[in-house]
Amino acid sequence: MPELPEVETVRRSLETYVVGRRLRQVVGVWPRAIEGGSPEAIQARLSGRRIVGLERRAKFLSLVFDDDARLLVHLRMTGKLYPESSRRRAPEERSSHISARLELSGGLRIVFEDQRRFGRLTLLNDGAAYRRFSDRFGPEPLEAGFSLDWLRHNLQVHRRMIKPLLLDQSFLAGLGNIYVDEALWLSGIHPLESAHQIDDERVGRLRRAIRQVLRRSIKANGTTFMNFRFLGGQSGGYTDQLLVFRRDGQPCLRCGQMVTKMRVAQRGTHVCESCQPRPSGAPSTQRGRRRAKTSSESSDSPPRPL
DNA sequence: CAGAGCACCTGTGGGC
DNA sequence: TGCCCACAGGTGCTCT
């Protein structure tokens, strides 16, 4: 599930609950949810420490403690993080899906629920460890480091296809499948295009598109398909504003041609082949498999500009 | 370096 | 109706 806007939504929703409290204990941990450590090690290192911040880096949440230790949370596909009391009535919650509970001072419990159990907790002992962690990622797309010059230069030096490059967290932090498709559609760039072949004008459009979709989605509290939720089970409002993602078989909102679904970098990819012209040398590999968009309709419906 | 395939998990929905 | 399989918002590994 969660990409930058969803993780940021969770961060904002939890910040006021957790900052200022002390961690009492970590309970109910599914041991494999701990990355490179153990529940006991987390417990020993963090219990009694005060939480002084809740930050986000890429798609990680980072509980910052008063002595610079951190507890990282990655929600992966289906993870949720919420104060227990706010979710009493959430119908889909199942105890078998709980990966951990954090007991904080004042009787607050934060639940880490994760249906698919991909989500992970990671303990970082000090600021140096955090620096090493943070250095694995590219710039944050909503911060100053993601400048036009930076993007122009760094697209130039890669021969990879643009979509997998934008999904690569070490290149740019925080984008996932939804917002890459959205940003490429907005900027009129085909996902198979080689990064270094994107001309300056489209680089500028791409940068604006990335920032626009992320900002708007954060404003709407993210996107919900299956099960992204925050606080008391609220879902993201950006789902209604999606421009191309999951709109395969429907007319493109810009030109009216049918939006198609293909496979790029093993990910479902939504594209308007008319607004996002396929690069000349691109392999036409895409095995559409089942989902075949052919959608049984006559292939050419009249373009309907909107 | 770049890309494919798979592994990690569970649930859901489409096709037959 | 029910079974089987592909697929799902992410990431990290191996192999070519």
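Me: Hey, what is the strand order in the open sheet of five strands?
Reply: The order is β2-β9-β5-β4-β3, with mixed pairing. Strands here are DSSP runs (E, at least two residues), and two of them pair if DSSP finds at least two bridges between them. This is a predicted model, where local features need pLDDT of at least 70, side-chain atom pairs count only at pLDDT 80 or more, and totals for chains, interfaces and linings use all residues. Residues are numbered from 1 along each chain as its sequence is written.

Me: Which strands are at the edges?
Reply: Those are β2 (34-35) and β3 (51-57), each pairing on one side only.

Me: And how do β2 and β9 run, parallel or antiparallel?
Reply: They run parallel, joined by two bridges. I34 sits opposite L121 in β9.

Me: Which strands does helix α2 touch?
Reply: Helix α2 (residues 39-46) packs on the sheet and touches β2, β4 (60-65), β5 and β9. Contact means heavy atoms within 4.5 Å, and helices are DSSP runs of H or I with at least four residues.

Me: Switching to pockets: which residues line the second largest one?
Reply: The lining is E35, F60, L72, H74, R76, R120, T122, L124, F133 and R136. A pocket is an open set of points on a 1 Å grid over the protein atoms alone, where a 1.4 Å probe fits, with protein on both sides within 12 Å along at least five of seven lines; lining residues have an atom within 4 Å of a point.

Me: Which element gives the largest share of that lining?
Reply: That's β9, with three residues.

Definitions and conventions:
Chains are lettered from A and ligands numbered from 1 in the order in which they are written. Side-chain values use heavy atoms; hydrogens and water are left out. Axes are lines fitted to C-alpha atoms, for helices over the stretch in contact, and angles run from 0 to 180 degrees between N-to-C directions.
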